[in-house]
Amino acid sequence: MTLNLVNSNYVVIGIDLGTSGVGVVAVNLQGAIAVQATRSYRLLTPHPGWTEQNPDDWIAATFQALTEVVQQLKDYQIVGLGLSGQMHGMVPLDAGGNVLRPAILWNDQRTGKAVTTIETIVPRQELIQRTGNPAITGFQLPKIVWLRESEPQAFSQMHHVLLPKDYLGYVLTGEIATEPSDASGVGCLNLGDRTWDLDILTALDLNPQLFPQVITSTAVVGKLTPEIASMTGLPAGLPIIAGGGDNAAAAIGLGISSTNCDRGSLSIGTSGVIFVPLSQPIPEPEGRVHLFCHADGSYHLLGVTLAASGSLRWYRDTFFPDFSYDELTEWASSAPPGSGGVIFLPHLAGERSPFLDSEARGAWLNLSLAHSKAEMTRAVLEGVAYSLRAALEVIEAIARSAAPKAIAPIHELVATGGGSRSALWLQIITDVLGINLAKPVLTEGAAYGAALLALVGCDVYPNLETVFQLLPAIEEYTQPNSYPVYTDAFQRFTAIYTALKSIN
């Protein structure tokens, strides 16, 4: 496709099918956002620890947001659409392409027994070497094993199983496909050749035909069907680009790539995510941080704490529902670094990195009559920072032991997410991690990254390195202060988790 890059009347669209809602952005050929829209949908929790959504709700919300965007693009020509979305979810389809049951989401914890089943059949170390990760409750593969054991009728009818964004791609095009960044979070993608690992699937007695073909992140899944075009106002035949899982797509939107391995990202959203690019697949020997494919064709490490801003939201909603987050952080600012010795464990939803413990739980410790809401609030902010540091230390250990140029010492993390809007919390995290945090001018997340992938997929630009040149410069930096109290508190934080786990 040959386009006049100066002509601002051309746009690509990016979609992020998130957990709380869908975001749609239209981006012009200079990388600027022209129009955006969002829609929310329900989260279903039929049992404690279960999280599900109806794919029909995703589609209805996406079509509404797309229609709103298209109506505001009357003077623009839409040349492509890129996909992104929440990872790890399971959307089972029958032979006719109909959804068999509600989708099981990334944060669902029902699959503990299935994880044990998988690692009994395929030893954990072999899983890590082949796929980059152990079996994890949130991944898609344990969900499939759970479905076979718990809902055999649905399993017997299952003809295909898709990830959330790939199901959206199927609805838009009628074609079934996935791409490596999302597929590597299923639990059975061989990272060496980026194909489904037939040895693992054979051992688990699963049909490889359940899984979609794996294409590159900038490849065309298919063309928009006339039916969907008439429903949304998009042009029929519009190329739909495979895109990336939400973390990988968000990293693309920040310019995070293996071309600069000393620069990663930190998302302080409901969960906290540290993303560090790799030029080669280097799994952590114990699987304490995730190893996934990146949407740029390389790889990345991912450290995840499940309740980052989620911990602060729970704290406010439970104890101070009539107060704003600004008021809470003002209280926290009046407490000293270290919160007067109070330690908060943010494991309110179990924990991923580096503990891999779905049964982990939150706690305050070392409270006394001398402590107030100031220390308790600051302890919540610091506890999340300690949890992130636990993951970062594992990633840094990999960097120290890796082959030259595979991964570099991490000098900077680009901070995004709602929590990054708090200057105090950003400074606390910077101080605890001991690393510079940078705030970008543009923080539109995974939908924006999906749009940038579409710019390459539609041949507007030859590669992502050219697209990254469109991104604006970093807005500001937060540099670390040295507080020995944080080093001591972090050591207590990890010791307390270990002690509590031994008791439980």
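Here are five short exercises on this predicted model, each with a worked solution.

Residues are numbered from 1 along each chain as its sequence is written, and side-chain values use heavy atoms, with hydrogens and water left out. As this is a predicted model, local features need pLDDT of at least 70 and side-chain atom pairs count only at pLDDT 80 or more, while totals for chains, interfaces and linings use all residues.

**Exercise 1. Helix α12 and its two faces**

Task: Find which residues of α12 are buried, and say where they sit around the axis.

Solution, step by step:

- Start with the element: α12 spans residues 325–333. Helices here are DSSP runs of H or I with at least four residues, strands are runs of E with at least two, and both are numbered from the N terminus.
- Next, pick out the buried residues of α12, which are Leu 328, Thr 329, Trp 331 and Ala 332. Buried means under 20% relative accessible area, exposed means over 50%, and partly exposed lies in between (1.4 Å probe, protein chains only).
- These residues share one side of α12, because they cover an arc of only 150 degrees around the axis. The arc is taken from the directions that run from the helix axis to the C-beta atoms.
- A general point helps here: an α-helix has 3.6 residues a turn, so residues three or four places apart point the same way.
- Now turn to the face directed away from the buried side, where the exposed residues Asp 326 and Glu 330 are found.
- Look at what the buried residues pack against: α11, α13 (373–401) and α14 (423–433). Contact means heavy atoms within 4.5 Å.
- Finish with one residue: Thr 329 counts as buried because its relative accessibility is 16%. Apart from neighbours within four places in sequence, Thr 329 is in contact with Ser 422 and Leu 424.

**Exercise 2. The surroundings of Ser 181**

Task: Decide whether Ser 181 is buried or exposed, and list what it touches.

Solution, step by step:

- Locate Ser 181 in helix α7, residues 180–183.
- With a relative accessible area of 1%, Ser 181 is buried.
- Check its side chain, which makes a polar contact of 2.7 Å with the side chain of Glu 179. A polar contact is a pair of N or O atoms within 3.5 Å; within protein, one must be able to donate a hydrogen and the other to accept it, and residues adjacent in sequence count only if both atoms are side-chain atoms.
- Leave out residues up to four places away in sequence, and the residues touched by Ser 181 include Met 87, Ser 217, Ala 248, Cys 293 and His 294.
- Ala 248 leads on to helix α10 (residues 246–253), where it is one of the buried residues. The cover over the buried residues of α10 includes α7, β5 (77–85) and β14 (239–245).
- Just after α10, Gly 255 has a positive phi of about 75 degrees.

**Exercise 3. Salt bridges**

Task: Say how many salt bridges the whole structure holds, then work through three pairs.

Solution, step by step:

- The search of the whole structure gives 18 salt bridges. Each is a side-chain nitrogen of Lys or Arg within 4 Å of a carboxyl oxygen of Asp or Glu.
- Take Glu 68 and Arg 39, whose side chains meet at 2.7 Å, N to O. Glu 68 is in helix α1 (residues 55–71) and Arg 39 in strand β3 (residues 33–40), so the pair ties together parts that are 29 residues apart in sequence. Glu 68 is partly exposed at 25%, and Arg 39 is partly exposed at 28%.
- Asp 166 and Lys 165 form a salt bridge at 2.8 Å, N to O. Asp 166 is buried at 5%, and Lys 165 is buried at 0%.
- In the pair Glu 393 and Arg 389, the closest N and O atoms are 3.1 Å apart. Both residues lie in helix α13, 4 residues apart, about one turn of the helix. Glu 393 is partly exposed at 34%, whereas Arg 389 is buried at 16%.
- Finally, a network of salt bridges links Glu 52, Arg 101, Asp 108, Arg 110 and Glu 151.

**Exercise 4. A nonpolar patch**

Task: Name the residues that make the nonpolar surface patch of about 260 Å².

Solution, step by step:

- The patch is made by Trp 314, Phe 319 and Leu 348. Patches are made of residues with over 30% relative accessible area and no salt bridge: like charges are joined within 9 Å, and nonpolar side chains (Val, Leu, Ile, Met, Phe, Trp, Tyr) within 5 Å. Accessible areas come from the Shrake-Rupley method with a 1.4 Å probe, and for residues only the protein chains shown count as cover.
- Phe 319 belongs to helix α11, residues 309–319, and is partly exposed at 42% relative accessibility.

**Exercise 5. A pair far apart in sequence**

Task: State what separation the C-alpha atoms of Ile 13 and Leu 452 have.

Solution, step by step:

- Place Ile 13 in strand β1, residues 10–17, where it is buried at 0% relative accessibility.
- The C-alpha atoms of Ile 13 and Leu 452 are separated by 8.8 Å, with their positions 439 residues apart along the chain.
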